[in-house]
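Me: Got a minute to go through this one with me? I'd like to talk about helix packing and then domains.
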Amino acid sequence: MSVPTPESLFQLSSPLALLGWLALALNPFAPRLVQGVAMAIPLVLSLLYSGLILVHWAQAEGGFGSLADVQRLFTQAPVALAGWVHYLAFDLFVGAWIARTAQAEGINHLFILPCLALTFLFGPAGLIAFAILRLTLSGKVLP
Amino acid sequence: MTAAPLAQLTMPLSLFRTWPNASALLALTVLIALAALPILAAHLLDTRIVSDEAVWLKPLKFHAALAIYLLTLAYFARWLPDTWVTSRGWSIYLGVVMTCIVLELIWIDGAAALGVRSHFNITSPLWNAIYGAMGIAAVTLTSAALVMGIGIWRNAATGLPAALQLSIALGLILTFVLTVPVAGTMANALSHHVGTPITGATLPIMGWSREVGDLRAPHFLATHALHAVPLAGLAALALPASWQTPAVWAAAAGFAALTLWAFLRAMSGLPPL
């Protein structure tokens, strides 16, 4: 049985995530559609991730116990792909939450764009940027 | 997400929600069916072979089979006596049955992830102990058919034609009575094959051998008594009233005989077809 290579799955998943980010950038124009897209894409990526882990985790070398173990995990292409898909899925999920929260609290979308760009490129850096912005503008950190 | 598209998404589910006494069984049906999605993803990404078959085929088959089983029980649950379904004992029993179903699937899915067998795996004391416990779980989850069959048998207020009610009760009871010895024989033999396949030729979808005896065929028949006999009961309603109940008994006996024949045929090493 032929299965897709890690390389081909990588080339499929990155544009898929990018589509979600483009949608989020345009959030104010069609918020309901954008939220649907930006939640559906992480779910599709999560299915891919779950499949990869179900197939490859048992044979994978390394683990979560030490930094060296984690590095060893990422030396195996299918596991590294799973890790990458994990980033894509969760970063986009956080991006969708940022756009949703900003809209609910009346934070101008132009302020949000740099936070979304940061989250897209550097995940947690975007989250902390939005947390700081939100605390400043809405006076809130917690839900 | 807004309320409107969500409501559209859940509409097919709300159709089932009108089924009386079935909410827990239906919830687990949906859960098991949806949990097959990541397994389907794994199936499309995996090249591993276990027991001459793609490793995730067995989990997919068990998710489908147990979802069909639960959906059938959920459908029949409307004809249970009211005093049963509101009792604390029924809730506890249903909880035990549903837990057994979940444990069975975790075992089968987990073994596939590890690339080892689930059933017939006695390669270590731990796997052997799990196999034994899962045998008990399998009998427990199948006992739900027996218990529901007895409940529907004894319910004087189903509002069903007598022959149809009898066929549903008999079908459910036969599922337990036929499945346990057939599946038990297979479990103790540590193989579903009777004989050693050479070419590995199998029937499509089912995967049953076309060369040697395969106990999965009588297991399939035995377990589907809960569909076959009620369908015969439905057909029997077209007969004159005095013939209906004897026809249901005859159909139940005939189906049991068919299952027994398939069982003996498999035990003698002959393929299902």
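Me: Which residues of helix 7 of chain B meet helix 9 of chain B?
Reply: This is a predicted model. In it, the helix 7 residues that meet helix 9 in chain B include Ala163(B), Leu164(B), Ser167(B), Leu170(B), Gly171(B), Leu174(B) and Leu178(B). On the helix 9 side you have, among them, Ala225(B), Val229(B), Pro230(B), Gly233(B) and Ala236(B).

Me: And how many nonpolar, polar and charged residues does that contact have?
Reply: The contact of helix 7 with helix 9 of chain B has 16 nonpolar and 4 polar residues, with no charged ones.

Me: OK, geometry. At what angle do helix 7 and helix 9 of chain B pack?
Reply: About 160 degrees, and their axes are 7 Å apart. Angles over 145 count as roughly antiparallel, so that's what helix 7 of chain B is to helix 9 of chain B.

Me: Is the crossing of those two, helix 7 and helix 9 of chain B, left-handed or right-handed?
Reply: Right-handed.

Me: Switching topic: what domains does the assignment give for chain B?
Reply: Domain 1 covers 17–146 and domain 2 covers 160–273. Their centres, taken over C-alpha atoms, are separated by 20 Å.

Me: How many residues are in contact between domain 1 and domain 2 of chain B?
Reply: 13 residues of domain 1 are in contact with 16 residues of domain 2.

Me: Which element gives the most on the domain 1 side?
Reply: Helix 6 of chain B, with 7 residues. Helix 3 (57–76) also gives two or more.

Me: And the classes there, on the side of domain 1 of chain B that touches domain 2: how many of each?
Reply: That side has 7 nonpolar, 4 polar and 2 charged residues.

Key
Residues are numbered from 1 along each chain as its sequence is written. Chains are lettered from A and ligands numbered from 1 in the order in which they are written. This is a predicted model: local features need pLDDT of at least 70, side-chain atom pairs count only at pLDDT 80 or more; totals for chains, interfaces and linings use all residues. Axes are lines fitted to C-alpha atoms, for helices over the stretch in contact, and angles run from 0 to 180 degrees between N-to-C directions. Helices (H or I, at least four residues) and strands (E, at least two) are DSSP runs, numbered from the N terminus. Angles under 35 degrees count as roughly parallel, over 145 as roughly antiparallel, 65 to 115 as roughly perpendicular and the rest as oblique. A crossing is left-handed if the near helix is turned anticlockwise from the far one by less than a right angle, and right-handed if clockwise. Two residues are in contact if their C-beta atoms, placed from the backbone, lie within 7 Å. Ala, Val, Leu, Ile, Met, Phe, Trp, Tyr, Cys and Pro count as nonpolar, Asp, Glu, Lys and Arg as charged, and the others, Gly among them, as polar. Domain bounds come from an automatic or database domain assignment.
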